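Please open the structure in your viewer and keep the selection tool at hand. The stops below may be followed in the order given.

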Amino acid sequence: MAKIYYDGDADLNLLKGKQVAVIGYGSQGHAHALNLRDSGIDVVVGLYEGSRSWKRAEEDGLKVTTVEKAVSEADVVMMLIPDTVQPSVYRKYVHEGLEEGNMLMFAHGFNIHYGQIIPPSYVDVTMVAPKSPGHIVRRMYQEGKGVPALVAVHQDYSGKALDLALAYAKGIGCTRAGVIETTFREETETDLFGEQVDLCGGVAELIKATFETLVEAGYQPEVAYFEALHELKLIVDLIYEGGIYAMWYSVSDTAKYGGMTRGRRVINESVREEMRKILKEIQTGEFAREWILENMAGRPSYSKLLEMEKNHPIEEVGKRLRKMMPWLKGIDLE
Ligand SMILES: NC(=O)C1=CN([C@@H]2O[C@H](COP(=O)(O)OP(=O)(O)OC[C@H]3O[C@@H](n4cnc5c(N)ncnc54)[C@H](O)[C@@H]3O)[C@@H](O)[C@H]2O)C=CC1
Ligand SMILES: CC(=O)[C@](C)(O)C(=O)O
Ligand SMILES: [Mg+2]
Ligand SMILES: [Mg+2]
């Protein structure tokens with residue numbers, strides 16, 4: 001059984017009197033910094049000069065300074081800039097500034113697990129990885145709720161690394177939902193696998209393939225949008241709240257029979273075989289190597305693919321239809 005920590009297992013006081021530097025103010029960065037601040041923790045945001053996030057963080061009432069300065073003043077440093085820029089920023093501005101007994105933290109194990117960042121032996125190295133997009137980490141905290149997270153200790157110099165990491169997890173609201181103890185390896189491999197085959201990659205392809213099949217067959221794109229994309233959230237909400245069986249319970253018998261017999265034909269043995277291959281690529285480091293090289297080459301495939309996603313016909317239909325549902329909270333794409 002997994003070891004799971006809740007509010008009562010974490011002591012926020014361990015962070016009182018300490019300075020926490022949140023490096024980066026993007027998806028996770030803004031959520032961690034604001035949640036910690038609202039939990040009464042002393043936070044400073046570290047950014048590069050000229051960063052577009054600088055003004056936003058200041059407008060949100062946070063102290064902002066350069067990465068180098070933030071690290072030199074901090075006791076706890078959380079790395080929340082993109083995984084691919086972390087190694088160079090770490091070497092230039094973080095490594096030197098780490099003092100004995102400080103704690104270096106991550107929200108994803110990629111750079112430690114694949115050896116891209118090698119911290120000094122005299123610091124704690126831990127991870128608090130929310131199992132949620134950053135904007136939801138913030139939204140749930142504000143609603144008095146929390147998102148689950150994983151906690152892991154890579155290096156325990158102080159002997160208190162786990163307790164400190166749990167205090168941090170409490171500060172961002174995660175112990176309200178549950179924080180599971182894991183390792184950097186397990187977090188990294190499962191997180192990459194989940195986002196590739198299910199959460200991001202798998203779901204996006206499933207939606208597009210459903211939409212395209214309907215539109216190609218001559219059905220109206222608006223009908224296809226509501227069916228393939230919009231209603232997915234409503235169905236997933238049932239799964240999220242009660243499990244897959246609760247979803248089956250709520251849908252019609254016709255949907256139950258059609259779904260149970262046809263779903264298996266969509267996610268068939270060849271799809272499962274492909275999933276196993278993808279997992280192997282993650283475990284052997286092949287995916288990590290490919291992604292690191294893609295970045296060194298200036299991200300040619302990444303940029304092309306992202307542009308295709310942006311211009312997919314489902315985006316145009318979606319924009320139009322979502323305008324008519326003002327209660328949908330959009331995410332600022334700037
Ligand atoms: N996006 C998410 O919801 C999740 C992300 N994570 C992990 O959290 C970490 C942060 O990811 P995101 O929040 O997606 O990052 P992001 O892409 O939203 O981060 C952007 C931020 O990094 C700053 N930044 C970019 N380049 C920089 C540089 N050279 N020097 C200093 N600052 C720089 C930007 O100014 C901005 O504030 C990653 O390790 C990621 O794997 C973990 C769970 C979910
Ligand atoms: C949101 C999250 O947890 C992801 C999908 O793993 C990520 O953004 O890297
Ligand atoms: Mg994740
Ligand atoms: Mg991830």
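Select D237 and K233 and display their side chains. These two residues form a salt bridge in which the closest N and O atoms are 2.9 Å apart. The model is a predicted one, and the distance between these atoms is therefore a computed value. Now colour helix α10, which covers residues 221-242. Because D237 and K233 are four residues apart in helix α10, about one helical turn separates them. Is D237 buried, partly exposed or exposed? Its relative accessibility is 23%, so D237 counts as partly exposed, since that class lies between the limits of 20% and 50%.

Move next to helix α2, which comprises residues 53-59. Select E59 and K55, whose side chains meet in a salt bridge with an N to O distance of 3.4 Å. E59 and K55 are four residues apart in helix α2, and therefore about one helical turn lies between them. E59 has a relative accessible area of 57%, so it is exposed. K55 is likewise exposed, because its relative accessible area is 57%. Exposed here means over 50% relative accessible area.

Continue to helix α16, residues 313-323. Select R320 and E316, which form a salt bridge with the closest N and O atoms 2.9 Å apart. Both residues lie in helix α16, four residues apart, about one turn of the helix. R320 is partly exposed, because its relative accessible area is 39%. E316 counts as partly exposed, because its relative accessibility is 46%. For another arrangement of charged residues, select R37, D38 and R138, which are joined into one network by salt bridges that share partners. How many salt bridges does a search of the whole structure find? The search finds 17.

Remain at helix α16 and select K310, K319, R322 and K323. Together these residues form a positive surface patch. Which helix gives the most to the positive patch? Helix α16 does, with three residues. One residue to centre on is K323, which is placed in helix α16. K323 counts as exposed, because its relative accessibility is 70%.

Now select R299, in the loop between α14 (286-296) and α15 (300-310). If your viewer reports backbone angles, inspect phi at R299. The phi angle of R299 is near 60°, a positive value in a residue other than glycine. With a relative accessible area of 23%, R299 is therefore partly exposed.

The next selection concerns nonpolar residues. Show I4, Y6 and I180 with their surfaces. They form a nonpolar patch on the surface, and together they have about 230 Å² of accessible area. Y6 is situated in the loop between β1 (4-5) and β2 (19-23). Y6 counts as partly exposed, because its relative accessibility is 39%.

Turn from the surface to strand β5, residues 76-79, and select V77, which is found in this strand. Is V77 buried or exposed? V77 counts as buried, because its relative accessibility is 0%. Now add V20 to the selection. V77 and V20 are 57 residues apart along the chain, and their C-alpha atoms are separated by 5.9 Å.

A second pair of C-alpha atoms may be examined in the same manner. Select E49 and M260. E49 is found in the loop between β3 (42-47) and α2. E49 is exposed, because its relative accessible area is 65%. The positions of E49 and M260 are 211 residues apart along the chain, and 54 Å separates their C-alpha atoms.

Finally, clear the selection and view the protein chain as a whole in a cartoon representation. The protein chain contains 16 helices and nine strands. Along the principal axes, its C-alpha atoms fill a box of roughly 65 × 45 × 40 Å. The radius of gyration of the protein chain is 22 Å, which agrees with the value near 20 Å for a compact globule with 334 residues. Of these 334 residues, 39% count as buried.

Methods: Residues numbered from 1 in each chain as written. Chains lettered and ligands numbered in written order. Predicted model: local features only at pLDDT ≥ 70, side-chain atom pairs only at ≥ 80, totals over all residues. Heavy atoms only, no water. Patch = residues over 30% accessible without salt bridge, like charges linked within 9 Å, V, L, I, M, F, W, Y side chains within 5 Å. Areas by Shrake-Rupley, 256 points an atom, 1.4 Å probe, with all protein chains shown as cover. Salt bridge = Lys/Arg side-chain N within 4 Å of Asp/Glu carboxyl O. Lys, Arg positive; Asp, Glu negative; His and termini not counted. Charge placed at Lys NZ, Arg CZ, Asp CG, Glu CD. Helix = DSSP H or I, 4+ residues; strand = E, 2+ residues; numbered from the N terminus. Buried < 20%, exposed > 50% of the residue type's maximum accessible area, 1.4 Å probe, protein only. Rg over C-alpha atoms; globule rule 2.2 N^0.38 Å.
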